[in-house]
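Thanks for coming. I will walk through one structure today, going from a single turn out to the chain and back to a few single residues. Please have the display open as I talk.

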Amino acid sequence: MVLAIGAGGGAAAFAALFVYLVSKRREDARLRFGRRQIDTVILFRNGVVIDHTPDALHLFDRSNLHGVTWQDLRAHLLPGFPQLPADPPDVERTWSSELLADARLDAVPSGRNLRVSLSTPHSGPALLFRAAVLDADHQMMRQICDNTPYPIWQTEDGALTWANEAFETLKADTGAVDEDECPFDLPLPIKRTVQTDRVSLRTRTGEALWYEVISRPVGTSWLHYASSINNLVEAEMAQRNFVQTLTKTFAHLPIGLAVFDRDRRLVLFNPALVDLTHLPVDFLSAKPNLLSFFDHMRENRMMPEPKNYNTWREKIYDVVSAAREDRYAETWNLPSGLTYKITGRPHPDGAVAFLIEDISAEISLTRRFRSELEMTQSVLDRFDDAVAVFSRLGVLTFTNAAYRDRWNCDPDSAFAEITIVDATKDWSAGCLPSPIWSEIRDFVLTLRERACWDAELVTTDGEHLHCAVEPVSSGATMVRFSHVAGAPASLKISEAAMRD
């Protein structure tokens, strides 16, 4: 019984193994016979295609092969068969593909005819599906490259191997005729690193086009991406022209100008700065920074020596901040006796400008004028006559000590300006009634030709005064009060008598 069962089990196992082996041989035979060669055939006569298999159209991505030559076929097969010769072979040749395994290209010449066949092994469904996916990605990438507005191209060993439509359009605009000609002249670096170049092209109409080209190494070739920078170049040229115009304008100014950019580098100066600071032109042209600029001025003794120069250097940044806020203005008294006025002004984009002006003559004139005024004031203060000068607008501009004592008036300490109206009120309050006050007011404020006149006055103390009204330069008027000698000065009139 056990032997029967064992024999039965062994027979069943043998039968199952026999069925598997038979099925395996059938499957192997099916796969072996299924791996047939599928050839793509193109027939040339006199160097031009005269016939082809239908799938040959996929090699060229076109609807017909009318007029296609060996050179056209070679250009499309080079990615997979880089050994193809430039001219059609005159003997039978075979090439294997480095791009697709087991693919082969056969060329069989026969007189004026040439038969070219491309054969590949039949692929499985997975490979066909993957090829379809890759083809869809390839088509999308081609559309992206062809529709981008920026020229993109590929070179290898200096030769153009691929380009998008924007490149071809630009190539046509520049008048390049040769198919392999590249309008961009790019000296590539020996080291295969990313490089950026600025290139200028000129169209057939003479228009200048500017591009920034980024070159990237990819495998054994180079990919180049060009973007138009016409607007940037035009802006830079406009800025350069503007700076040149400013330089020419500032060249005739007597005020020294030094403009520092946001990095505190000297970017603009005029000849007057060289004359005022005695700094060498080559030093200024080297774009020194702010600290170096002031250091050299100190060495040339063209600025006051600070008590602590190191602390002053630290405060330079405070000076820059004040200049950027339009708050910096100083007067430098130099050891040479010159006087400079330094002003800081803000400029766009974080820049700052310093104006250096020689005000020595102005300061000297002001000091001399002030000295003359002080001397004139001292001389007039020695006079016994009370003198007052009014401007053409009737404002009290000058008095001497005798006037201030007589009328108890100090214009320098007054809160507001003293006018001829205010002055006549004070005079009339200290004198007996007189009709000349209105006449004096009219005389001071009139603009017509005037002649000097005088009148006699009596003060409330009984003192007799001689009042002289005289026109002076610039439409001003001088009113002078002098004591009349020999008049009865002891007679005192009371306020009650004055009211009567």
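I start with a hairpin: β18 and β19 form it, with five residues between them. In that turn, glycine 462 has a positive phi of about 90°. This is a predicted model, and that applies to everything I say today. The two strands, β18 at residues 453–458 and β19 at residues 464–471, run antiparallel and are joined by six bridges. To find the pairing on the display, look for tryptophan 453, which stands opposite valine 469 in β19.

There is another hairpin to set beside it, made by β6 and β7, with two residues between them. Here the turn holds aspartate 157, whose phi is positive, about 55°. β6 covers residues 152–156 and β7 covers residues 159–163, and they pair in the antiparallel sense over four bridges. Threonine 155 has leucine 160 in β7 as its bridge partner.

Now the chain as a whole. How many helices and strands are there in the chain? The count is 16 helices and 20 strands. The chain has 500 residues, and 32% of them are buried. About 32000 Å² is exposed, with carbon and sulfur atoms supplying 55% of that. If we take the contacts between residues at least 6 apart in sequence, 37% of them join residues at least 24 apart.

Next, the interior. In soluble globular proteins, nonpolar side chains tend to be buried together. In this model the largest nonpolar core has 25 residues. Among the residues with the most contacts inside that core are Phe260, Phe293, Met297 and Trp332. Several elements give two or more residues to this core, including β11 at 256–260, α8 at 281–285, α9 at 290–299 and β15 at 352–358. Which element gives the largest share of this core? That is α9, with four residues. Another core, of 24 residues, lies apart from this one, and Ala386, Ala388, Ile418 and Leu465 are among its members.

Let me stay with α9 for a while. At the N-terminal end of α9, asparagine 289 acts as a cap, with a side-chain oxygen 3.3 Å from the backbone nitrogen of leucine 291. The buried residues of α9 are Leu290, Phe293, Phe294, Asp295 and Met297. As background, an α-helix has 3.6 residues a turn, so residues three or four places apart point the same way. Methionine 297, leaving aside its neighbours within four places in sequence, is in contact with Thr277, Leu279, Met302, Met303, Trp332 and Ile356.

Histidine 296 is also in helix α9. Is histidine 296 buried or partly exposed? Its relative accessible area is 26%, so histidine 296 counts as partly exposed. Not counting residues up to four places away in sequence, histidine 296 touches Leu279 and Phe283. Histidine 296 and threonine 277 are 19 residues apart in sequence, and their C-alpha atoms are 8.9 Å apart. Just after α9, arginine 301 takes a positive phi of about 55°.

Now the cysteines. The structure holds zero disulfides. Why does cysteine 431 have no such bond? The closest cysteine sulfur, in cysteine 467, is 8.6 Å away from the sulfur of cysteine 431, and that is too far for a bond. Cysteine 431 has 4% relative accessibility, so it counts as buried. Cysteine 182, at 25% relative accessibility, counts as partly exposed.

Two more residues to finish. Serine 117 is in strand β5, residues 113–121. Because its relative accessible area is 5%, and the limit for buried is under 20%, serine 117 is buried. Beyond its neighbours within four places in sequence, serine 117 is in contact with Thr40, Val41, Arg104, Leu105 and Asp106.

Asparagine 408 sits in the loop between α13, at 401–407, and α14, at 420–429. Is asparagine 408 buried or exposed? With a relative accessible area of 71%, asparagine 408 is exposed. Asparagine 408 and aspartate 426 are 18 residues apart in sequence, with 9.1 Å between their C-alpha atoms.

Note on methods
Residues are numbered from 1 along each chain as its sequence is written. This is a predicted model: local features need pLDDT of at least 70, side-chain atom pairs count only at pLDDT 80 or more; totals for chains, interfaces and linings use all residues. Side-chain values use heavy atoms; hydrogens and water are left out. A nonpolar core is a set of buried Ala, Val, Leu, Ile, Met, Phe, Trp, Tyr and Cys residues joined through side-chain atoms within 4.5 Å. Buried means under 20% relative accessible area, exposed over 50%, partly exposed in between (1.4 Å probe, protein chains only). Contact means heavy atoms within 4.5 Å. A polar contact is a pair of N or O atoms within 3.5 Å; within protein, one must be able to donate a hydrogen and the other to accept it, and residues adjacent in sequence count only if both atoms are side-chain atoms. Two strands pair if DSSP finds at least two bridges between them. Accessible areas come from the Shrake-Rupley method with a 1.4 Å probe; for residues, only the protein chains shown count as cover. A disulfide is a pair of cysteine sulfur atoms within 2.5 Å.
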